[in-house]
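Colleague: Could you walk me through this model? I'd like to hear the reasoning behind the labels.

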Amino acid sequence: MSEFGKVYLVGAGPGDPGLITVRGRALLECADVVIYDALIPPELPRRAARAERIFVGKQADRHSLPQEDIHRILIEQARRHACVVRLKGGDPFVFGRGGEEAAALAAAGVPFEVVPGVTAGVAGPAYAGIPVTQRGLASSVTFLSAHGASGDAAPLEDVAHTMLEGTQVVYMGVAGLPRVVEALIRAGRAPDTPAAVIEWATFARQRTIAGTLETLCAQCRRAGIETPALVVVGPAAALHERLRWFEKRPLHGLRVAVTHAEQHAGALEARLRDLGADVFAFPAIRIEAVDAPPEVDLAAYDWVLLMSVNAVDMLFHLLARSGRDARALAGARLCVAGTPSVLEAVRGRYLEPDAVPAHFGADAVVAALEAAGGPLSGKRVLLPRADVARSALPAALRARGAAVEDLVGWRKAPAETSRDAVEALLAFAPEVVVFTNAAAVGCFASLLDAAQLARLRGGAVFASLGPVTTAAAREQGLEIQIEPPRPDTAHLIEAVCAWRVRG
Ligand code: SAH
């Protein structure tokens, strides 16, 4: 048996975390250690739940590790672990020095595999609506680096004359863009050749600047384009105007912070991302089970009201704890809050509600219960809830003669959010901060001091899911500028889109 584990040189793709390969992701999930660079989508190392993570990239205050040190770390880690994932941006063998790492591993007798990735030079143009080859327009594509081993542009001058009819994609070219343009023109490219620069390609903050070789430098200077960026040169670059799709999404590049419970990052964030937003998930609260929730005899109830995903989770937790299952609910009618996530949680347990009120308001719930099960007088109603319930519902039910029993099963506590998370939030500089529940507002406000809140307020508007959350925000002195006409995520997202269109 080898004294070494195996090193996987895995391409992470260019930035969009969805662009890693299926094999790359599977390896991440079972890695013992992940060694990664800057520019790796931050979501990916986090997927390696059980792995030690070693960052070897460039940081603001220091250079990246010398390549030899990275080789040494790879070999050391392979001696210790069975599955070492070396995660590299784009494709490991395209301008990524992955070849050198493979050679060092081979020389040391360490077994390795290479998992290709989507290189920025292919993905960036795709996300900018630039087909790198196009019938009649470009029948070849050349990938060039503007950096030689010594960091100068000499190698570019050597190869710039190749494939002048096709598309040329230049990596590492924007820092020295004038020299890159000059080299291409000297090699024979016409100054009016269409050209584009794609900054932070496939990330939510992607920007594309399109023009011609001779206009590009001034355009990029004006826009403040910085690295990482790709230069794309050739007739196909002109297709950007017609085929751009990524940057056209309704929330493209909008920086949105979403406060949520640690346990429930999810649907809202995913939907915002689909629409193009740059989402920062800020866990403000934690849902904790209360120490000893009481036993309940479900057979005794006419109605069980499930008004949140937590209520569904808790009820089943209690059932499981006493060795029961969904059959214990057979005698009761179920009323389920009409938000998609609660309905989904209930249907996910193969239960179909008897009543689905149109909204959370006490009147709507009472009406739905009566419509489905007749007068409430004398009915026994179970309401699983958190320790602080703000709802007027129990009182409204009692006014109708129902016997309501609260089942207090969980509490909302501030998340164990470190100062780092608050600082990261401020550095992210959100344009919109979304609150999805009242408890999160309170916890959020308690995590930031006055100066931090003021900084946040300077650049961001606050959005809330609905009136209850808005009232809680107001109590904390946070003015809500975006609130949907109905308290659900679909309407909230529409409201954010509408706010953006209004500019
Ligand atoms: N192995 C990587 C390339 C590493 S070289 C790959 O296959 O994509 C680093 C250069 O790649 C950057 O200077 C930039 O020119 C380009 N690059 C990488 N990721 C990028 C991104 N998301 N957007 C624009 N350019 C990117």
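Colleague: Why is Cys 217 called buried?

Modeller: The label buried needs a relative accessible area under 20%. Cys 217 has 18% relative accessibility, so Cys 217 counts as buried. Do keep in mind that this is a predicted model.

Colleague: And what makes Cys 443 buried?

Modeller: The relative accessible area of Cys 443 is 9%. The cut-off is under 20%, so buried is the right word here too.

Colleague: How many disulfides does the structure hold?

Modeller: There are zero disulfides in the structure. For Cys 217, the nearest cysteine sulfur belongs to Cys 220 and is 7.1 Å away. A disulfide requires two cysteine sulfur atoms within 2.5 Å, so Cys 217 is in no disulfide.

Colleague: Now the ligand. Why does the backbone of Gly 89 count as making a polar contact with the ligand?

Modeller: A polar contact is a pair of N or O atoms within 3.5 Å. A backbone N or O atom of Gly 89 is 2.9 Å from a ligand nitrogen, so the pair qualifies. Ala 201 likewise places a backbone N or O atom 2.8 Å from a nitrogen of the ligand. On its own the ligand has 540 Å² of accessible area, and the protein covers 90% of that.

Colleague: Which kinds of residues form the shell around the ligand?

Modeller: The shell comprises 13 nonpolar residues, four polar and one charged. Domain 1 (6–118) and domain 2 (122–248) each supply at least three residues to the shell. Of the 18 residues around the ligand, those that come nearest include Val 94, Thr 119 and Met 172.

Methods:
Residues are numbered from 1 along each chain as its sequence is written. This is a predicted model: local features need pLDDT of at least 70, side-chain atom pairs count only at pLDDT 80 or more; totals for chains, interfaces and linings use all residues. Side-chain values use heavy atoms; hydrogens and water are left out. A residue is near a molecule or strand if one of its heavy atoms lies within 4 Å of it. A polar contact is a pair of N or O atoms within 3.5 Å; within protein, one must be able to donate a hydrogen and the other to accept it, and residues adjacent in sequence count only if both atoms are side-chain atoms. Accessible areas come from the Shrake-Rupley method with a 1.4 Å probe; for residues, only the protein chains shown count as cover. Ala, Val, Leu, Ile, Met, Phe, Trp, Tyr, Cys and Pro count as nonpolar, Asp, Glu, Lys and Arg as charged, and the others, Gly among them, as polar. Domain bounds come from an automatic or database domain assignment. Buried means under 20% relative accessible area, exposed over 50%, partly exposed in between (1.4 Å probe, protein chains only).
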